[in-house]
Amino acid sequence: MGWSAEQTGAVTQDGPGGPGTETAGAPAEAAGAGTEDREGPRPPVALSPSRAGDFMQCPLLYRFRVIDRLPEKPSAAATRGTVVHAVLERLFDAPAAERTAAGARAMVPAEWEKLLAKRPELAELFADDTADGSTGDTAGERLATWLAEAEALVERWFALEDPTRLEPADRELYVETVLDSGLRLRGFIDRVDVAPTGEVRIVDYKTGKAPRPQFAEGALFQMKFYALVMWRLRGVVPRRLQLVYLGSGDVVTYDPGEADLRGVERKLLALWEAIQRATVTGDWRPRPTKLCGWCDHQAHCPEFGGTPPVYPLEVRPADGAVVPQGRMGEI
Ligand code: SF4
């Protein structure tokens, strides 16, 4: 297909999360995306892949993140993903011949320092008082181990793709579109490659491992979401979707068709209707799964004996049957 050296970069720049599937940390995937740029509680105005995934996983989790905007503890895995993501983005600032594994590894500590300067609270990830008592590691040792893990992920990427033969059209591309229905979709795409023939490839980096085949559709959902947005924005269905799993060294590709993307649009519309219904009724139901183990909000979750905060939005009584939100994961 020729996504390689002859590309000239002609286009201008602008899950559900268990530990094995975390994103490389694009800003839009932070909790609260889809409702950013606002003060105080307000109904959701847009959908991003991560927040769609939240609602499918657990409507109450969606509420806590998007409506209540409850704080969440920094995660070492997600933060590592953010640093790796930054390295893989900025590596392309250098001329092709200088995009080496050694150079990329060397960028990791500097990207961590930059992130820490912006978010000083991340220092607590490696503070002595959070050290694992079983290992007795000091903060410095924990940080060194974490940086080495990030460097290993960056290095693994060079076995999967060759950045000296790639000239991305876009990196960390913010995309947003409004469907005919009025639903606003938005998000950040890690990388967009455009072949000389004009074919578009959407690439997403994952710092986790590739999911087992029975869970692969969930990961592809995010990519199809982006493909739908790009199709609506540029009028052309992306030729290929590519997930690069740095944790396991796998590359998963999928070539979508128009029918695929129309199906995704229908699913998103059904999801958005359910979100809007829950927003006005205040009926956000918990949907416990194994992923609750990674949820920061058990203290507020009735499934774990907690009580949610007072619902901050105006509630309108349901006019009849309320969609059973606990089934939305099947959408
Ligand atoms: S603990 Fe589980 S059920 Fe409760 S809000 Fe979190 S994800 Fe939902």
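Around the ligand in this predicted model there are 13 residues, and the closest of them are Cys58, Pro286, Cys292, Cys295 and Cys301. If we sort the residues of that shell by character, we find nine nonpolar, two polar and two charged.

Let me turn now to helix H1, which runs over residues 49–57 and is mostly covered, with nine of its nine residues buried. Those buried residues include Arg51 and Asp54, along with Phe55 and Met56. What do the buried residues of H1 pack against? Their partners are helix H2 (59–67), strand S2 (184–194), helix H6 (216–234) and helix H7 (258–281).

Helix H7 deserves a look of its own, and we can begin with its length. With 24 residues at 1.5 Å a residue, H7 should span 34 Å, and because its end C-alpha atoms lie 35 Å apart, the expectation and the model agree. For anyone checking the arithmetic, the expected span is 1.5 Å times one less than the number of residues. Among the buried residues of H7 are Leu261, Val264, Glu265, Trp272 and Thr279, and the buried residues of this helix pack against H1, H2 and H6. After H7 comes glycine 282, whose phi is positive, near 75°.

Finally, we come to the nonpolar core. The largest one has 62 residues, and those with the most contacts inside it are Val84, Val87, Val154, Ile202, Tyr226, Ala227 and Met230. Which helix gives the largest share of this core? That is H6, which contributes ten residues, and H6 is also one of the elements that the buried residues of H1 pack against.

Technical notes: Residues numbered from 1 in each chain as written. Predicted model: local features only at pLDDT ≥ 70, side-chain atom pairs only at ≥ 80, totals over all residues. Near = placed C-beta within 6 Å. Nonpolar A, V, L, I, M, F, W, Y, C, P; charged D, E, K, R; others polar. Buried ≥ 20, exposed ≤ 12 C-beta atoms within 10 Å, placed from the backbone. Helix = DSSP H or I, 4+ residues; strand = E, 2+ residues; numbered from the N terminus. Contact = placed C-beta atoms within 7 Å. Core = buried A, V, L, I, M, F, W, Y, C linked by C-beta atoms within 7 Å.
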